[in-house]
Amino acid sequence: MNRIDQRFSELKQQGRRALIPFITAGDPAPRYTVGFMHALVEAGADVIELGVPFSDPMADGPVIQKACERALAAGTRLVDLLDMVAEFRRTDSATPVVLMGYLNPIERIGYEAFARRAAEVGVDGVLTVDMPPEEADELAPLLKANGVAAIFLVAPTTSRQRAAAICAQGDGYLYYVSLKGVTGSATLNAEDVAEHLAPLRELTDLPLCVGFGIRDGATAAEVARVADGVIAGSALVNRIADNATTPEAVPDALKAVLGDMRRAMNAATAPDLADAPR
């Protein structure tokens, strides 16, 4: 069983929601990323989304755009990310890792070579923002053949017909974009999210995970009440940016933000777990 499926199965049995942090790999330099990943797990991460730095991250706001710039300036490449995951797996064989980014870096490596190498190092899922299901007929089958989940996005503007097609092709979990816009928005309406998730549950058994607009424990808790997973990115990437010149301080900064989210989510969905780190 794919680690993602295993983790969501465990969470369901425990009555818990997944906390899925996102950081940009290589920010502020490649040598720090694996340590940051371990810090996220210590703070309560259930799945890690590792951003692939790209020069034109069209779905991302200024915070993650600048993170991509820092990572690229430090020389970070997709092959380096794969090496990072391999290093992470030396001491963590359980936490699912999802690569999130854009199609161009994968095309540079080649679909087949990428899918094979991703599986070898322990990548569990791949989400390519600019690869809709209609254009996934080459990469998605290769990922699935290697045991790597092809994860897709659904937006508030997605029609029911198209959502059904996306659900039919997706694996791992469905990433629901809670807002019309880019990452880093400060506005999120949990009631609106719940209204959009309800019809999706009629279309799929995949866990429904919500990203965009999760900035603190309060917003994480609101979303945890209606979704299977909460995805937080810009709030964490901001902490990395704040400590870019003192990266040794980043792990504690990440733990502070993510730990607050974990505790708030536990309190909102399983009160007896309110003080538990995971």
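This is a short dialogue on how to read the pockets, cavities, helix faces and cores of a predicted model.

User: I'm new to this structure. Where do I start with empty space?

Analyst: Start with the general idea: rolling a probe the size of a water molecule over the atoms shows where empty space is left. In this predicted model, the largest pocket has a volume of about 310 Å³. The second largest pocket holds about 240 Å³ of space.

User: Which residues lie nearest the centre of the largest pocket, and which helix gives the most to its lining?

Analyst: F8, K12, D205, P207 and D228 lie nearest the centre, out of 15 lining residues. Helix α1, residues 3–14, gives the most, with six residues. Sorted by class, that lining has seven charged, five nonpolar and three polar residues.

User: And what lines the second largest pocket?

Analyst: There are 23 lining residues, and A59, V129, L153, V154 and V177 are the closest to the centre. Three elements give two or more residues each to this lining: β4 (125–128), β6 (153–154) and α8 (160–169). By class, you'll find 17 nonpolar, four polar and two charged residues here.

User: How many cavities of 30 Å³ or more does the structure have?

Analyst: A search of the whole structure turns up two. The largest cavity has about 80 Å³ of space, and 13 residues line it, with F22, D60, M100, G101 and Y102 the closest to its centre. β1 (18–24), α3 (62–73) and β3 (97–101) each supply at least two of the lining residues. That lining counts nine nonpolar, three polar and one charged residues.

User: What about the second largest cavity: what is its volume, and what lines it?

Analyst: Its volume is about 50 Å³. Among the residues lining the second largest cavity are V52, L78, L99, F114 and V126. M100, G101 and Y102 line the second largest cavity too. β3, α5 (103–109) and β4 each give two or more residues to it. The class count is ten nonpolar, two polar and no charged residues.

User: Let's move to helices. How do I read the sides of one?

Analyst: An α-helix has 3.6 residues a turn, so residues three or four places apart point the same way. Try it on α8, where A163, I166 and C167 are buried. Looking down the axis of α8, these buried residues fall within an arc of 100°, so they line one face of the helix. Q161 and A168, on the other side of α8, are exposed.

User: What do the buried residues of α8 pack against?

Analyst: They pack against β6, β7 (174–177) and α9 (190–201).

User: Can I practise on another helix? Which residues of α6 are buried?

Analyst: Sure. In α6, residues 111–121, the buried ones are Y111, F114, A115, A118 and V121. They cover an arc of only 140° around the axis, which puts them on the same side of α6. Turned away from that buried side, the other face carries the exposed residues E112 and E120. The buried residues of α6 pack against α4 (78–89), β3, α5, β4 and α7 (139–145). Just after α6, G122 has a positive phi of about 105°.

User: How should I read a nonpolar core?

Analyst: In soluble globular proteins, nonpolar side chains tend to be buried together. The largest nonpolar core here has 66 residues, and L99, F114, V123 and M261 touch the most other members. If you leave out residues up to four places away in sequence, the contacts of L99 include L50, V52, L78, F114 and V123. A second, separate core of 23 residues includes A67, V98, L127 and V177.

User: Which backbone details should I look at in the loops?

Analyst: Two to try. A cis peptide bond joins D27 and P28, with omega about 5°; P28 sits in the loop between β1 and α2 (33–42). Then look at F212, in the loop between β8 (208–211) and α10 (217–224). Phi of F212 is near 80°, a positive value in a residue other than glycine.

User: Is F212 buried or exposed?

Analyst: F212 counts as buried, because its relative accessibility is 9% and buried means under 20%.

Definitions and conventions:
Residues numbered from 1 in each chain as written. Predicted model: local features only at pLDDT ≥ 70, side-chain atom pairs only at ≥ 80, totals over all residues. Heavy atoms only, no water. 1 Å grid on protein atoms, 1.4 Å probe; cavity = no way out; pocket = protein on both sides within 12 Å on 5 of 7 lines; lining within 4 Å. Points joined across faces, edges and corners; volume = space filled by probe spheres on them. Helix = DSSP H or I, 4+ residues; strand = E, 2+ residues; numbered from the N terminus. Nonpolar A, V, L, I, M, F, W, Y, C, P; charged D, E, K, R; others polar. Buried < 20%, exposed > 50% of the residue type's maximum accessible area, 1.4 Å probe, protein only. Arc of directions from axis to C-beta. Contact = heavy atoms within 4.5 Å. Core = buried A, V, L, I, M, F, W, Y, C linked by side-chain atoms within 4.5 Å.
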